[in-house]
Structures are given as structure tokens and as C-alpha cells.
Amino acid sequence: TADQGGTVGPVGPVAFAVAGLVAGLAGWALLAVLERLMGRPGPVWSTVATAVLLLSLLGPLFSAADTASTIVLLVAHLLVGAVVILGLAPTARRR
């Protein structure tokens, strides 16, 4: 459960899936833009993606309803972040 704009409610599987998909697509879009603008986009993308992951961890820390929810949401953020970062970083093309 998490605080969702003043209302505490459950975070269901659809919310998990949509958030993960949005994060993955945003990471992919950023990588595509960096590939067009930079000669070596990989290191920059990895740094930005890691910073975004670390910032995203603040959400569960401040909005989860209890300790168990905090742990589950943190693990979910870390899992999605690891998949996106480790999955997309090797695909960065050099110009």
C-alpha cells in the first residue's frame, strides 16, 4: 500500500506493470536521443539512468504505508532499474 495523493491504497499488478513499462520506454527514448547527439552515449546514459533510479527510490521511502510496503516498492524499483540499465546499456551504439 502507498499514499496516492492523500489516499492510502493498494498498488496492484497493473500499476507495477505500467510503471515498469513507462520507465523502460523512457530509458529507451533517452538512449535513442543520446545516440543521435553523442559519439559515445553509453556512459552518459548509464550515469543518467542510475541517477534517475536513485531518485526514484525516494518515492517508496516517503509514500509507502508501512515497512513491508516500503521494502516491496524499493525492490520493485531496483528490479526495474536493473533490467532497464543492464538491458539497454550494452545496446548503446557509437557514431
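User: Which helix gives the most to the lining of the largest pocket, and with how many residues?
Analyst: In this predicted model, the largest pocket has a volume of about 530 Å³ and is lined by 26 residues. The helices α1, α2, α3 (58-63) and α4 each supply at least two residues of that lining. The element that gives the most is α1, with 8 residues.

User: Which residues lie nearest the centre of the largest pocket?
Analyst: The lining of the largest pocket draws at least two residues from each of α1, α2, α3 and α4, and it counts 26 residues in total. Those that lie nearest the centre of this pocket are Ala19, Ala23, Ser56, His77 and Val80.

User: What span does α1 reach from its first C-alpha to its last, and what is expected at 1.5 Å a residue?
Analyst: Helix α1 runs over residues 13-37 and has 25 residues. From its first C-alpha to its last, α1 reaches 36 Å, which is close to the expected value of 36 Å.

User: Which residues of α1 are buried, and which helices are included in what covers them?
Analyst: The buried residues of α1 are Gly20, Gly24, Gly27, Leu31, Leu34 and Glu35. Val18 also lies in α1, but with a relative accessible area of 46% that residue is partly exposed. What covers the buried residues of α1 includes α2 and α4.

User: Which residues make up the largest nonpolar core, and which helices each supply at least two of them?
Analyst: The largest nonpolar core is a set of 8 residues, made up of Leu31, Leu34, Trp45, Ala49, Leu53, Val84, Ile85 and Leu88. At least two residues of this core come from each of three helices, namely α1 (13-37), α2 (41-56) and α4 (67-88).

User: Why does Leu53 count as buried, and which residues does Leu53 touch beyond four places in sequence?
Analyst: Leu53 is found in helix α2 and is one of the residues of the largest nonpolar core. Because its relative accessibility is 15%, and buried means under 20%, Leu53 counts as buried. Leaving out residues up to four places away in sequence, Leu53 touches His77, Leu78, Gly81 and Ile85.

User: What is the C-alpha separation of Leu53 and Ala23?
Analyst: Ala23 is among the residues that lie nearest the centre of the largest pocket, while Leu53 belongs to helix α2. The two are 30 residues apart along the chain, and their C-alpha atoms are separated by 9.6 Å.

User: With which residues is Val84 in contact, leaving aside neighbours within four places in sequence?
Analyst: Val84 belongs to the largest nonpolar core, as does Trp45, and Gly24 is one of the buried residues of α1. Once neighbours within four places in sequence are left aside, the contacts of Val84 are Gly24, Trp45 and Ala89.

User: Which residues form the salt bridge, and how many residues apart are they?
Analyst: A search of the whole structure finds 1 salt bridge, and it joins Glu35 to Arg93, with the closest N and O atoms 3.7 Å apart. Glu35 is in helix α1 and Arg93 is in the segment after α4, so that the pair links distant parts of the chain. The separation in sequence is 58 residues.

User: Is each partner of that salt bridge, Glu35 and Arg93, buried or exposed?
Analyst: Glu35 has a relative accessible area of 13%, below the 20% under which a residue is buried. Arg93 has a relative accessible area of 58%, over the 50% that marks an exposed residue. Glu35 is therefore buried, and Arg93 is exposed.

User: Where is Gly6 found, and how far is its C-alpha atom from that of Ile85?
Analyst: Gly6 is found in the loop between β1 (2-3) and β2 (8-9), and at 66% relative accessibility Gly6 counts as exposed. Ile85 is part of the largest nonpolar core, and the two residues are 79 residues apart along the chain. Their C-alpha atoms are separated by 32 Å.

User: In what order do the elements of the chain run from the N terminus on?
Analyst: The C-alpha atoms of the chain fill a box of roughly 45 × 20 × 20 Å along the principal axes. The chain has 4 helices and 2 strands, and from the N terminus on the order is β-β-α-α-α-α.

Definitions and conventions: Residues are numbered from 1 along each chain as its sequence is written. This is a predicted model: local features need pLDDT of at least 70, side-chain atom pairs count only at pLDDT 80 or more; totals for chains, interfaces and linings use all residues. Side-chain values use heavy atoms; hydrogens and water are left out. A nonpolar core is a set of buried Ala, Val, Leu, Ile, Met, Phe, Trp, Tyr and Cys residues joined through side-chain atoms within 4.5 Å. Buried means under 20% relative accessible area, exposed over 50%, partly exposed in between (1.4 Å probe, protein chains only). Contact means heavy atoms within 4.5 Å. A salt bridge is a side-chain nitrogen of Lys or Arg within 4 Å of a carboxyl oxygen of Asp or Glu. The expected span of a helix is 1.5 Å times one less than its number of residues. On a 1 Å grid over the protein atoms alone, a cavity is a set of points where a 1.4 Å probe fits but cannot get out, and a pocket is an open set with protein on both sides within 12 Å along at least five of seven lines; lining residues have an atom within 4 Å of a point. Grid points are joined across faces, edges and corners, and a volume is the space filled by probe spheres set on the points.
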